[in-house]
Amino acid sequence: MGEISLTELEARAAASGIDLSLIDIDSIKLPPGDDFGVISDDEDIYQEEQMDFDYGLGNTIVVDNLPVVPKEKFDKLEGVINKIYSQIGVIKEDGLWMPVDPGTQKTLGYCFIEYNTPQEAELAKEKTNGYKLDRAHVFAVNMIEDFNRFMKVPDEWAPPEIRPYVPGENLQHWLTDEKARDQFVIRAGSDTEVFWNDARHMKPDPVYKRAYWTESFVQWSPLGTYLATVHRQGAAVWGGSSAFNRLMRYAHPQVKLIDFSPGEKYLVTYSSHEPSNPRDANRVVINIFDVRTGKVMRDFKGSADEFSIGGAGGVAGVSWPVFRWGGGKDDKYFAKIGKNMISVYETESFSLVDKKSLKAENVLDFIWSPTDPIFALYVPELGGGNQPARVSLIQIPGKEELRQKNLFSVSDCKMYWQSNGDYLAVKVDRYTKTKKSTYTGFELFRIKERDIPIEVLELDNKNDKIIAFAWEPKGHRFAVVHGDSPRPDVSFYSMRSAHNTGRVSKLTTLKGKQANALFWSPSGHYLIIAGLKGFNGQLEFYNVDELETMATAEHFMATDIEWDPTGRYVATSVTSVHHDMENGFNIWSFNGKLLYRTLKDHFFQFLWRPRPASFLSPEKEEEIAKNLKKYSKKYEAEDQDVSLQLSEQDREKRRMLKDEWEKWVNQWKVLHEEEKLQRQALRDGEASDEEEEYEAKEVEVEELLDVSEEILSFEYGQE
């Protein structure tokens, strides 16, 4: 019998009338090495991803170009080599061997290192081949198994075999969906599933499902090309035209967090390892991989304290992402904040720009422009207020300061870039003169205008607490939730006024809203004013162009809201991380119509698949907008067909329910006829079943149920 999967086994059992749920599979013991053709659903994963301990030569490397040293310096050199290579993996006991010339008693300039696993040996070769110990010694590292291949190299050159070109899979095939649908991924229990959002049919359309696909979470790449999964051995990316095939693996044991560069060229992985001494900080390892090749381009190691400055979130006190990418989709620069400095790296050589960090005393935070190699940094007050706080704009690679704004009496500061990099908003919390309270204002930078003018904005009531702030994507407006809970106000502002494009103006204020979060549509124009978690999922769908509410709704206990990348649909969800009940997600239209609802036990994650930027030129988009009625006729006809199909499905469903009802009624009529003689006998021979033919009489019957006698004691003097 050939091998069959567990799914096929279940099908055969069902055909034979066997209920596998009643069988204790674990109690069945197969002979060693024999599976009787029944393979595990996850066997391919185990075979590919399990790190087997290999006792052959596959886990041994040869390190050449070492210094040739005499016997008295042998231990020192061995210590240096051991320190370098033990950081990469576990070296076996007596696994480092450095041959010595018996005549001169000097080392021969190379050594052998044996690791526990072949994966560690491969990683050591990849990371240290070309490592510069000093000017005269650059390591040449090879797997010991490679020497057999080197020995087979022919003495005479022969031209390489020309292989025919085989085109790879189209990783953007999902963008060609004829129905122009978007995909999303969910995680519930042990299952990870990818769906089409089939809003016309008001239901999700399954694409791919896999159990135990990831060990913690999944993450789309910024342009939607890849889906990343996280495992104990490292991370992996998946994609393809018809299914999700594994495209590349990235070895990083105990990886906890990952982050893509904006252009999807690089993947950053993070792990934290507990020290042997509890008093020491966790040891952090960060790798930057080339996404396509899987090669480690640069790694960073150190204590958690070295990576914990700036930002919030992450794990073990480390802010995430540690490295922030700048300069748009070119993936040219990345940077991290350190003590009194910002280190900016360029990806051509993965080294510091100008070979040195940018000094910024006590710098607390920085944030890149989404489109340009410019970042804003914030430095708090120093010297007890003698040196004011400041926000500076720095351009890379020249590290030129484009603009600086000094800020006084600052309690806190937070920076927000607009998606096109046109504006920067700086929310500044300042102390009052008495230092007993604070008030908030905004410093608004117009980045694309000459000399980068700055405008100060204060709310009508400057003592209002700022609960949420959000820029309109690709637009010039922003919204602010301000005031006191549970009913703060929501105000809308524009960086353009009717008569002066260089002045900020207030559009309107909505009073007393149950809101604590703002979610703009990716295309702008529309906004969801939301009250999440403590506000029980209150939703208001707002048209900012017309300054009017389109709909109000509620998704009880909603914890997350996410627009699809086109701005046509929005998902609200309740995750089991925050609530044990009502887990699942709702899909809404942009104007607040509930399209469908899906409940899932142990629901963890919902993510829309991102889309790359449109390939259409602005002129082509403008032409489509002008002729929208002509293009929309095709889709209106398709919508009508779907509507008719849904109507026909509803009619068919009603017909089925009616037929089922009539069948049930007929069954009772037959039973009623079969029991006619029994009813007649119970009525003393009366044949009619019609109640109207009988006269009702009321008869009173008295019946003595019980008689009891009880003797009560009676004492003299009591009445």
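Strands, like helices, are DSSP runs numbered from the N terminus, a strand having at least two residues. With that in hand, welcome to a set of close-up views of this predicted model.

**Figure 1. Thr 229 sits in strand E11, which spans residues 227-230.**
Is Thr 229 buried or exposed? Buried means under 20% relative accessible area, and Thr 229 is buried because its relative accessible area is 0%. Look around the residue and, leaving aside neighbours within four places in sequence, you will find contacts with Trp 213, Thr 214, Phe 217 and Val 218, and also with Gly 234, Ala 235, Ala 236 and Trp 238. Arg 246 may serve as a further landmark: 17 residues separate Thr 229 from Arg 246 in sequence, and their C-alpha atoms are 9.9 Å apart in space.

**Figure 2. The largest nonpolar core brings together 37 residues.**
Ile 61, Val 63, Ile 81, Tyr 85, Ile 113 and Tyr 115 have the most contacts inside this core. Which helix gives the most to the core? That is helix H3, residues 74-86, with 5 residues. Both domain 1 (60-152) and domain 2 (214-320) supply residues, so the core lies between them.

**Figure 3. A closer look at Ile 113, one of the residues with the most contacts inside the largest core.**
Setting aside residues up to four places away in sequence, Ile 113 touches Asn 59, Thr 60, Ile 61 and Val 63, together with Ile 81, Tyr 85, Ile 91, Gly 95 and Leu 96. Among these, Ile 61, Val 63, Ile 81 and Tyr 85 are themselves named with Ile 113 as having the most contacts inside the core.

**Figure 4. Strands E27, E28, E29 and E30 make an open, antiparallel sheet in that order.**
Which strands form the edges? They are strand E27 (410-417) and strand E30 (454-458), each of which pairs on one side only. From one strand to the next, the twist averages 20°. If you zoom in on E27 and strand E28 (residues 423-431), you can follow 7 bridges linking the two in the antiparallel sense. Along this pairing, Met 415 stands opposite Val 426 in E28. As you trace the strands, remember that side chains in a regular strand alternate between the two faces of the sheet.

**Figure 5. A second open sheet, also antiparallel, runs in the order E35-E36-E37-E38.**
Strand E35 (517-520) and E38 are the edge strands here, with pairing on one side only for each. The twist in this sheet averages 20° from one strand to the next.

**Figure 6. E37 and E38 form a hairpin with 4 residues between them.**
How many bridges join strand E37 (residues 538-543) to strand E38 (residues 548-554)? There are 6, and the two strands run antiparallel. To find your way along the ladder, start with Gln 538, whose bridge partner in E38 is Glu 554. Then move to Glu 540, which has Thr 552 as its bridge partner in E38. In the turn, take a moment over Leu 547, which has a positive phi of about 55°.

**Figure 7. The whole chain, for orientation, contains 8 helices and 43 strands.**
The chain has 719 residues, and 39% of them count as buried. Its accessible surface comes to about 43,600 Å², with 50% belonging to carbon and sulfur atoms. Among contacts with a separation of 6 or more, 46% come from residues 24 or more positions apart.

Methods: Residues numbered from 1 in each chain as written. Predicted model: local features only at pLDDT ≥ 70, side-chain atom pairs only at ≥ 80, totals over all residues. Heavy atoms only, no water. Buried < 20%, exposed > 50% of the residue type's maximum accessible area, 1.4 Å probe, protein only. Contact = heavy atoms within 4.5 Å. Areas by Shrake-Rupley, 256 points an atom, 1.4 Å probe, with all protein chains shown as cover. Pairing = 2+ DSSP bridges. Axes fitted to C-alpha atoms, helices over the stretch in contact; angles between N-to-C directions. Core = buried A, V, L, I, M, F, W, Y, C linked by side-chain atoms within 4.5 Å. Domains from an automatic or database assignment.
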